[in-house]
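Reader: I would enjoy a close look at one part of this model, a packed pair of helices, and then a walk outward to whatever else helps me place it. Could you take me through it at an easy pace?

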Amino acid sequence: MRSYFSGWSMQVPNAQIAVENSRFALEKFTLILSFSFQTMDASTELASRPAHDPHHHDAGHDHHELGFWRKYIISTDHKVIGIQYGISGLIFLLFGFSLMMLMRWQLAYPGQALPIIGNALGHFFGPGSMPDGKMTPEFYNSLGAMHGTIMIFLGIVPLAFAAFGNFVVPLQIGAPDMAFPKVNMASYQAFFVGGVIMLVSFFVPGGAAKGGWTSYTPLAVIADKGEAYHPFFNGQTLWLVGFIFLITSSLLGAINFIATIIQLRAKGMTWMRLPFFVWAQFVTAFLLLLAFPPLEAAIVMQLMDRLAATSFFMPTGLVVNGAAVHVSGGGSPLLWQHLFWFLGHPEVYVLILPGMGIVGEILANNSRKPLWGYKSLVFSVLVIGFLSFIVWAHHMYMTGMGQVIAAFFQTTTLIISIPSVIILSAFFISLWGGSIRFNVPMLFATAFLPMFGIGGLTGIPLAFNSADLYLHDTYYVIAHFHYIVAPGTIFALFAGIYYWFPKATGRVMNEFWGKVHFWPSLICMNVIFLPMFLQGMLGMHRRWYDGGQGWNLANEKVWGLSGFHWNMPISIAAWLMGLAQIPFIINFFWSIKHGKKVNDNPWEATTLEWTAPSPPPHGNFAVAPVAYRGPYEYSLPGHDRDFTMQNEPVQMTERARRAEPEPVHA
Amino acid sequence: MEIPYTVSTRPDTGLWNAKVGIWLFLASEMMLFGGLFSAYVFLRLDAEPGYWPHGLLNVPVGTMNTAILIASSVTVVLAWAALKMRQFMRYKIYMGITILCGVIFLAVKLAYEWPQKFEHFGAYLKTEALEKYEPYLGNHHLMEKGLPPRVEITGHLHNRAALNDPNIKEYEIALDPVNADPTNPALDRPHFLYVPPTEKIGTIEKADVERATMFLPTHSAYFASYFTITGLHGLHVLGGVLVFIYLWLPVSTKLYKRNPEHLANRVEVAGLFWHFVDLIWIFVFPLFYLL
């Protein structure tokens, strides 16, 4: 392969001389080259980056010059921003999960007062939330809507994309920082403001948004209006305003990531030498960049509908509570759904792709084998990225948008499962014949595989529009996507936290307590979500406030329990899973100060982030790194160690063994 | 620590960082306005016959604004070229003209076009009342020609108090030409030149009116899209002008003395954004003013 491409790398310097005076021609020419994935050997690299000497230039001075505020709060360092995102994301994850634990009480014991903390929560969230510890329907709806919003947009995206991306990607590509450090800082600040607005919305009169995380119109336009509500400071309006900040944050982040990966790769770090995680983040960034703005447009329109009484989403002749609504009409509720799901579906891949990237890194590292099918993985991710833009209306089979459209989206949805299956298969094959180390990151990463598999395979019936008519909006759907994002993505995120924790702190997290965290979490996840498939197939609707108590009259039983009664074991498992996170929280904070000290490369990994000191100083690398080889050179024959890092030059003996032609530049 | 390729180009991509960044940003902006334009298409295709107004905007003023914006796109390129040739005074002049154009555009939009709309009035009639106001609507004439019916009477509202006072039972409107002389074949299609309301007063009973408002966003899906899209576009113009002012202030002189190429790059990036804003207007203008 390399010999095939070596012609390209030869041409570059010649072309540069020839068109040196014509900068536009050069730009075009090299742009084409750069996007054709040419394999570029380190020694034919065109220009060298200015060398960095952090000890002389940065680290020493910065520690003295920067106070606490500049160093940790408004830092422009990608690692600090990554950690800021990480901690905020974890806190929001815990908060969003707590909302769900409250809802689980109402589902298992509808109408009963929540013991012990119920009264206190009623006071905390204000009148109308939990009078006497009993949850009102409005508050239940708020919890549901905000659970979805917070988990996805304030928990997983900041953690998976922004935190890991910020911390790891520049290190893995050998860059000193992100391309636009100040934009990076602005991105976090916008996220922070958006998060605060979302949290504040719980405490305005009437409580937080109640329209579901999808905020379907026209319900969302007429919700939270009237005498009891402030015209601006009400749940739904604040939800919209908060979203504008979150979208801004994502856009700034996405631009930064793509520009960094294109521009700041180290010498020799060609496209096909990028770690799989970087590819996953690269595609994720494109998804955020292109899918979020249409939602921003939709949010601006919904804000106009709410604040300026326009009718973007209000149909002609709408009647609410027996009275005609005084708007011009002429709008389309379906328009909102189209724009929402145009983001909504790529967003699903925003949630899963970074998780896949993390799992890929950890599987290769702990099976001591190269990641199987690297190129297939890369192209699968690219194909997923592209296809994810043309599957959105499979969320809308029930809207009556027409059979032809439904058939089109059914087809694309089934096609997109192919690259997903390729990725999962490649991961499984990567394990085959490896000498696997089951440390805590690896436990989480291997658990990801079957969990994501269950989530993915149960999605196929939902892709068929005829089967979806039956399963739509039932607990089956809940179970399906939670298998992907909860034991899927969140396990991948835990794996990543345990894996890169030593890079951020210089210490490892405790193995024993990590396992105490892992096993109960794995069991609880399955006890929570597996029965939901059954409930869904029995016909339980996802938004029922009473847990399906009224519907339970038919009393159809599965495995000895009726659909409604399954709520109880599910809820207990959910609360137990809350307890199972305590070892993680303590382990996380305790290990920052007291964890076992380790060297710069405790996992004996190959990628460039492990060549930097732990924690890396400002500017990351003592000497600008050079990549000489692919990202997963584990167990190379003829080496005395079972891992060969990306910055280790290729030996002549190695060349002969690989039976590759001598590169032209040698 | 220094980020590489902030000013010089990375050889294998041929780009400096901010140029990659701005193109990515413009891609996302394209999707933002793409979402809004697709909403426009969606709403317009869904509109009942007669409920998508035509010819209510001031085409000559819109044309002038289009010309101003295109001219500013030219001057911003000239400003950049002047910087590349290291002619700083020329840069300042061209950049000044660009800023001026942006400000004029905004002023025309905010101080003239929008307020003019806010003063205009329209009353949608109930279906059963259409026949009663046939002298203002000319629907028989339109039907013969196979054109969509008129369901709204527009013009200048004489008794503004009628909007909020329930004791006033009718609207008195100085009719727009199309309602003053509805069977005139010259008015079958909207004309490009703006014609103010006539002297002819029409009286419409409130009981016959489905909905009556000034030309505000709440008036119709058409004006909702018009104000939202031009408003968002206006914010982009404002953002561009603010960036240009920053690049025109003494800060830029300092940067020019230290690293002229850096300033040129900044102007190039801001200019690319400005071209994009211009391009959006090139779509907005026909969609709302002409079609």
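**A helix pair and its surroundings**

Author: Happy to. In this predicted model, helix 16 (residues 440–457) of chain A packs against helix 20 (residues 511–538) of chain A at an angle of about 15 degrees, and their axes are 9 Å apart. Angles under 35 degrees count as roughly parallel, and helix 16 of chain A and helix 20 of chain A are therefore roughly parallel to each other. Their crossing is left-handed. On the side of helix 16 of chain A, the contact is made by A:Val440, A:Leu443, A:Phe444 and A:Ala447. Helix 20 of chain A answers with A:Glu511, A:Gly514, A:Lys515, A:Phe518 and A:Leu522. Sorted by class, this contact has 6 nonpolar, 1 polar and 2 charged residues.

Now for the chain around the pair. Chain A is divided into domain 1 (1–40) and domain 2, which is made of the stretches 65–312 and 328–597. Between the C-alpha centres of domain 1 of chain A and domain 2 of chain A there are 41 Å.

Some backbone details of chain A deserve a stop as well. Most residues other than glycine have a negative phi, and most peptide bonds are trans. Against that background, the peptide bond from A:Thr217 to A:Pro218 is cis, with omega near 0 degrees. A:Pro218 sits in the loop between helix 9 (181–200) and helix 10 (219–222) of chain A. In the loop between helix 10 and helix 11 (235–263) of chain A you will find A:Asp224. A:Asp224 is not a glycine, yet its phi is positive, at about 55 degrees. Another cis peptide bond runs from A:Ser614 to A:Pro615, with omega near -10 degrees. A:Pro615 belongs to the loop between strand 6 (596–597) and helix 22 (652–658) of chain A.

From here we can cross to the other partner. The contact between the chains takes 52 residues from chain A and 38 residues from chain B. On the side of chain B that touches chain A, helix 1 (17–46) and helix 7 (221–248) of chain B each supply at least two residues. Helix 1 of chain B gives the most to that side, with 16 residues. By class, the side of chain B that touches chain A has 22 nonpolar, 11 polar and 5 charged residues.

Chain B has its own division into domains. Its domain 1 joins 17–117 with 220–290, while domain 2 covers 120–214. The C-alpha centres of domain 1 of chain B and domain 2 of chain B lie 35 Å apart. Where these domains meet, 11 residues of domain 1 of chain B are in contact with 11 residues of domain 2 of chain B. Helix 2 (59–84) and helix 3 (88–118) of chain B each supply at least two residues of the domain 1 side. That side has 5 nonpolar, 5 polar and 1 charged residues.

Helix 2 of chain B also gives you something to set beside the pair we began with. Its axis and that of helix 3 of chain B come within 8 Å and cross at roughly 160 degrees. Angles over 145 degrees count as roughly antiparallel, so helix 2 of chain B and helix 3 of chain B are roughly antiparallel to each other. The crossing of these helices is left-handed, and their contact has 18 nonpolar, 5 polar and 3 charged residues. Helix 2 of chain B packs against helix 9 (residues 260–290) of chain B too, at an angle of about 165 degrees and with the axes 9 Å apart. That makes helix 2 of chain B roughly antiparallel to helix 9 of chain B. Here again helix 2 of chain B passes helix 9 of chain B in a left-handed crossing. The contact of helix 2 of chain B with helix 9 of chain B has 16 nonpolar, 6 polar and 3 charged residues.

Last comes a sheet in chain B. Its 5 strands form an open sheet in the order 4-3-2-1-5, with antiparallel pairing. Strand 4 (201–205) and strand 5 (209–214) of chain B are the edge strands, and each pairs on one side only. Neighbouring strands of this sheet are turned by 40 degrees against each other on average, direction ignored. Strand 1 (residues 120–125) of chain B pairs with strand 5 of chain B in the antiparallel sense over 5 bridges. One residue pair to look up there is B:Leu125, whose bridge partner in strand 5 of chain B is B:Val209.

Conventions:
Residues are numbered from 1 along each chain as its sequence is written. Chains are lettered from A and ligands numbered from 1 in the order in which they are written. This is a predicted model: local features need pLDDT of at least 70, side-chain atom pairs count only at pLDDT 80 or more; totals for chains, interfaces and linings use all residues. Domain bounds come from an automatic or database domain assignment. Axes are lines fitted to C-alpha atoms, for helices over the stretch in contact, and angles run from 0 to 180 degrees between N-to-C directions. Helices (H or I, at least four residues) and strands (E, at least two) are DSSP runs, numbered from the N terminus. Angles under 35 degrees count as roughly parallel, over 145 as roughly antiparallel, 65 to 115 as roughly perpendicular and the rest as oblique. A crossing is left-handed if the near helix is turned anticlockwise from the far one by less than a right angle, and right-handed if clockwise. Two residues are in contact if their C-beta atoms, placed from the backbone, lie within 7 Å. Ala, Val, Leu, Ile, Met, Phe, Trp, Tyr, Cys and Pro count as nonpolar, Asp, Glu, Lys and Arg as charged, and the others, Gly among them, as polar. Two strands pair if DSSP finds at least two bridges between them.
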